[in-house]
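Take a look at the sequence and the 3D structure below. Keep both in view as you read.

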Amino acid sequence: MARALAALRFLLGGFFALTGAAKLSQLSSPVSERMKALFVQFTEVFPLKLFGYQPDPVNYQTTVGWLELLAGLLLILGPQMLQEISNFILTLLMMGAIFTLASLKESLNTCIPAIVCLGLLLLLDICQSLTQTKKMVSYSRKKTHAFRAPWKTLQAM
């Protein structure tokens, strides 16, 4: 189970690190131009627009790129606590991506990658929580001899 979780964490972290790097690269390729055009659309349905805040599309793309890159790397290389934080950040990003695509009334085919990534992130989080719970239960079931001696001395009196 631990190897499967490590493999899933490595694959998800690598995927997000690569997609974040792609958002940060300022190449003049058709893919980069298409991504810039998408972020212009994404800013039109930004959730905080209701409160009067609408980000600049380039800054929005850069922020999402850095978040994905750093959270993906921390998911692979970070300690347990930073892995959990990066999983949470990536989960929020995927929920935002699904909200954005649904607000733009995109087809289900366009939403599937974000939905799959969200599902895998939630699966990783649930499985890690279950393995931590299992470790805690096994630690509490171990017999400790340090507390047994004082009780025996009280019974002997």
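This report covers aromatic pairs first and salt bridges second.

## The model

The structure is a predicted model. Every value here is computed from it.

## Aromatic pairs

The model holds 5 aromatic pairs. One of them joins F39 and F42, and it is edge-to-face. The ring centres of F39 and F42 are 5.2 Å apart, with 70° between the planes. An angle over 60 degrees counts as edge-to-face, so this pair fits the label. Both residues sit in helix α2, which covers residues 30-44. They are 3 residues apart, or about one turn of the helix. F39 and F42 are both buried.

F39 also pairs with Y60, again edge-to-face. Here the centres lie 5.4 Å apart and the planes meet at 85°. This pair links distant parts of the chain. F39 belongs to helix α2, while Y60 belongs to helix α3, residues 57-77. Along the chain, 21 residues separate them. Both F39 and Y60 are buried.

## One aromatic cluster

Which residues form one aromatic cluster? They are F39, F42, F46, Y53 and Y60. Find F39 in the structure, then trace its pairs to F42 and to Y60.

## A salt bridge between helices

The model has 3 salt bridges. One joins the side chains of K23 and E68, with N and O 3.0 Å apart. K23 lies in helix α1, residues 2-24, and E68 lies in helix α3. The two are 45 residues apart, so this pair links distant parts of the chain. Are these two residues buried or exposed? Both K23 and E68 are buried.

## Two partly exposed salt bridges

E33 forms a salt bridge with K36. Their closest N and O atoms are 3.9 Å apart. The cut-off is 4 Å, so the pair counts. E33 and K36 are 3 residues apart in helix α2, so about one helical turn separates them. E33 has a relative accessible area of 42%, so it is partly exposed. K36 is partly exposed too, at 29%.

E44 and K49 meet in another salt bridge, at 3.6 Å from N to O. Why does E44 count as partly exposed? Because its relative accessibility is 45%, and partly exposed lies between 20% and 50%. K49 is partly exposed as well, with a relative accessible area of 36%.

How values were computed
Residues are numbered from 1 along each chain as its sequence is written. This is a predicted model: local features need pLDDT of at least 70, side-chain atom pairs count only at pLDDT 80 or more; totals for chains, interfaces and linings use all residues. Side-chain values use heavy atoms; hydrogens and water are left out. Rings of Phe, Tyr and Trp (its six-membered ring) pair if their centres lie within 6.5 Å; planes under 30 degrees apart count as stacked, over 60 as edge-to-face and the rest as tilted. Helices (H or I, at least four residues) and strands (E, at least two) are DSSP runs, numbered from the N terminus. Buried means under 20% relative accessible area, exposed over 50%, partly exposed in between (1.4 Å probe, protein chains only).
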